[in-house]
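Please open the structure in your viewer and keep the selection panel handy. We will walk through it stop by stop.

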2 protein chains.
Amino acid sequence: MAAKSTSKTPRRTNQSLSHLLRLPAGRVDLSRLDTAATHGYPGKGKDDAAALTAALAPQISDLQERLFANGRAAPDTAKRVLVLLQGMDTSGKGGVIRHAMGMVDPQGIQLTSFKAPTVEERQHHYLWRIEKALPSPGMIGIFDRSQYEDVLVVRVEQLVPVSEWSKRYDEINALEKQITDEGTTVIKCFLNVSFEEQKARLAARLASPDKYWKYNPKDIDARAKWPAYQQAYADALERCNTDYAPWFVIPADRKWYRNWAVAQLLREHLVGMDLGWPEATFDVAAEKARVAKA
Amino acid sequence: MAAKSTSKTPRRTNQSLSHLLRLPAGRVDLSRLDTAATHGYPGKGKDDAAALTAALAPQISDLQERLFANGRAAPDTAKRVLVLLQGMDTSGKGGVIRHAMGMVDPQGIQLTSFKAPTVEERQHHYLWRIEKALPSPGMIGIFDRSQYEDVLVVRVEQLVPVSEWSKRYDEINALEKQITDEGTTVIKCFLNVSFEEQKARLAARLASPDKYWKYNPKDIDARAKWPAYQQAYADALERCNTDYAPWFVIPADRKWYRNWAVAQLLREHLVGMDLGWPEATFDVAAEKARVAKA
């Protein structure tokens, strides 16, 4: 919780996970990305993953508290973080939130799960609900699905015409430019699960009564449109892979790697923000005297 | 995460922490409650507290997931939990949220920190903002301060006349009766810190630049009214200590005990709710066949 462990900003090298997982600029071909890779993982495998993930908690906790403290003491200038999670059904958005983001103080988190738009949301621009959910100063926002659904499910299910959704990549880039300019660090994670692994996970949900609640028959309908979704994802990743808000592709066939990787990405980004403690907004000596007498 | 460990509801004995910390009915004299006690603590002391608290996480996690699953599968009948935290400045409401409630999946938590009412809130009944923040089916709500501020700070600072706030105990009881009738388990925790310990904690916030942000000069003004606050707390505890929503008094001078105690209270209440996994809302065999072909 205290200042010591992060008083120096570690050097950011090409060995950082952020570097390894960052989607290169240019054409995106999802079939060339390994969904079972364990890029940058420092341990042996599944057996040490929980411990290695938990070992990130103290530094994440310290840095998150600094971020939060600045939000309290200096909201006009405080930074913010937005962790955005996208991926096909079963790719593990919920698992990442539970196991990686769950290491963060709940007081510092603003989590929004975007479902099919409500009646009210449909009366507004598609970015209206997104803007409402952006993190406050000092907070870590988490988007479970996001504005990208408006160029993914909307496109594949033909909910709006091509002329409409094809404009949205630029609009999304403009929004992300605006919020990063305003001091929000955006960490966009595409949880990349394979067609085969999705099948195994759906089957697992039906194999155990404690997992029935996670199963939705509609997931099979979406699975039938896998190639169309992959193409829509490829285009979204390619067209919204900016310097200010790049995509990170998380190989997601191994849950233990996926959870560690997102926690590590969060840690690296928080370190890179060079977060100090805020100045006192009062006269420290005078307040010490008041407390002594109180 | 799985079903095994809690398939039977443990017997609830007089040795439960819920029994030990439950405020007895009748007259409340805060001066007779030990703020440094460690009732029911199973370990040796501070050194084993973090490990004993962490050891509660797997069962809390399992039970919370059942609660959440029911909220998803059967929202009309799913139960809910509300953990309500009250206490003087420095009593540790934030610490409890960070260290005890922080063990719960963020997806299952609805946290509300009640501050001085906003302009909008002041245009409504004092319970309006409370009702809006009540937990959804399957969720664990956390109130950092609550409706009780409307018979505490409001009374001591004379923000409304006596005739007004004196009616509120019955109104609060009526609200709590309604929500418990509707299936919400309410866990009201009074974090009971001593006058001396408060002073030490305020001084500690001024002794270290990484704690300045937690210090508010107004806390000293409230401290000057300690006896009036204690009387207001005593009345609120006494008059709103119902069978359906009793108060638990958490000795809060030892942070490590306080955090363990609230986590343990949550665990015991979740166990007492006898949470099973929801039934499938689809034909399992038919869906297995669909997945096999998908």
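The tour below goes from the pair of chains to a sheet and a helix in chain B.

Before you start: this is a predicted model, where local features need pLDDT of at least 70 and side-chain atom pairs count only at pLDDT 80 or more, while totals for chains, interfaces and linings use all residues. Residues are numbered from 1 along each chain as its sequence is written, chains are lettered from A and ligands numbered from 1 in the order in which they are written, and side-chain values use heavy atoms, without hydrogens and water.

**Stop one: both chains.** Superpose chain B on chain A, by least squares on the C-alpha atoms of residues with pLDDT of at least 70 in both. A turn of 180° with a shift of 0.0 Å along the axis does it, at an RMSD of 0.0 Å. The two copies are thus related as by a two-fold rotation axis. Select B:P106 next: of the residues of chain B, its C-alpha comes closest to that axis, at 3.3 Å.

**Stop two: the sheet.** Now colour the strands of chain B (DSSP runs of E, at least two residues, numbered from the N terminus). Five of them form an open, parallel sheet in the order β2-β3-β1-β4-β5, where pairing takes at least two DSSP bridges. β2 (109-113) and β5 (247-251) of chain B are at the edges with a single partner strand each, so one side of each has no neighbour in the sheet. From one strand to the next, the twist averages 20°.

**Stop three: one strand pair.** Zoom in on β2(B) and β3 (residues 140-144) of chain B, which pair in the parallel sense over five bridges. Pick B:L111 and you will find its bridge partner, B:I142, in β3(B).

Methods
Helices (H or I, at least four residues) and strands (E, at least two) are DSSP runs, numbered from the N terminus. Axes are lines fitted to C-alpha atoms, for helices over the stretch in contact, and angles run from 0 to 180 degrees between N-to-C directions.
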